[in-house]
Amino acid sequence: MDFSDDPPRSLARPWPVAAPFVERRTAGDGDIDEFGHVNNVRYVAWALEVAWAHSQSLGLGFDDYRRLGVGCVVWRHEFDYVAPVIAGQTIDVGTWIAENDGRARMLRAFEMRDAESGRTVLRGQTRFVTVDMTSGRPVRMPPEFVSAYAPTI
């Protein structure tokens, strides 16, 4: 019998939302720090890579940001590192829009899970603010942002 905390994939709990955007990452030797596990900044990089891929899948690539003259920039990251990830381990990085005030602020949620067991290794969120691409000052979201970045239910 297996008495570990890692449930079989079939018993892993569902994602917090019905349809998160998910991409897979595998930890390489360059991701590992002196503690022998993935360095915390690498998780942040994975989150932002997948956030950008999700944005593009919603129809908002950087060319669209330039055309609109408005972009989303990070205001604050909050990550809870639940379990270490080692070299060779494959992780499913899930993200979704959790909140959007329709004005200038948006909250994107993240969850990272071991691809084999389904065990959560990270939970987090990033708050974004929309800014004018020229001045860098906060501005109101264009309608394209409000509709594309609608919260996932």
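I started at Tyr149 today: it is buried, with a relative accessible area of 1%. Worth jotting down before going on that I am working from a predicted model.

Next I looked at Phe145, which is buried too, at 0% relative accessibility. Under 20% is what buried takes.

Then the rings themselves. I describe a pair of aromatic rings by the distance of the centres and the angle of the planes. How many aromatic pairs are there? I get 8.

I pulled up Tyr43 and Trp46 as one of these: they pair edge-to-face, with 5.8 Å from centre to centre and 75 degrees between the planes. Why does this pair fit along the chain? Tyr43 and Trp46 sit 3 residues apart in helix 1 (residues 40–57), so about one helical turn separates them. Buried or exposed, I asked of Tyr43? Tyr43 is buried, at 3% relative accessible area, and Trp46 is buried as well, at 1%.

Back to Phe145 and Tyr149: their rings also form an edge-to-face pair, at 5.5 Å centre to centre with 85 degrees between the planes. I then checked which residues they join up with. Ring pairs tie Phe145 and Tyr149 into a cluster with Trp52, Phe62 and Tyr65.

Last entry, charges over rings. Which ring does Arg105 lie over? I found Arg105 over the face of Trp75, 4.3 Å from the ring centre. Arg113 lies over the face of Trp15, and there I noted 4.2 Å from the ring centre. Both of those count against a limit of within 6 Å for CZ of Arg.

Methods
Residues numbered from 1 in each chain as written. Predicted model: local features only at pLDDT ≥ 70, side-chain atom pairs only at ≥ 80, totals over all residues. Heavy atoms only, no water. Phe/Tyr/Trp six-rings, centres within 6.5 Å; stacked < 30°, edge-to-face > 60°. Helix = DSSP H or I, 4+ residues; strand = E, 2+ residues; numbered from the N terminus. Buried < 20%, exposed > 50% of the residue type's maximum accessible area, 1.4 Å probe, protein only. Lys NZ or Arg CZ within 6 Å of the ring centre and 35° of its normal.
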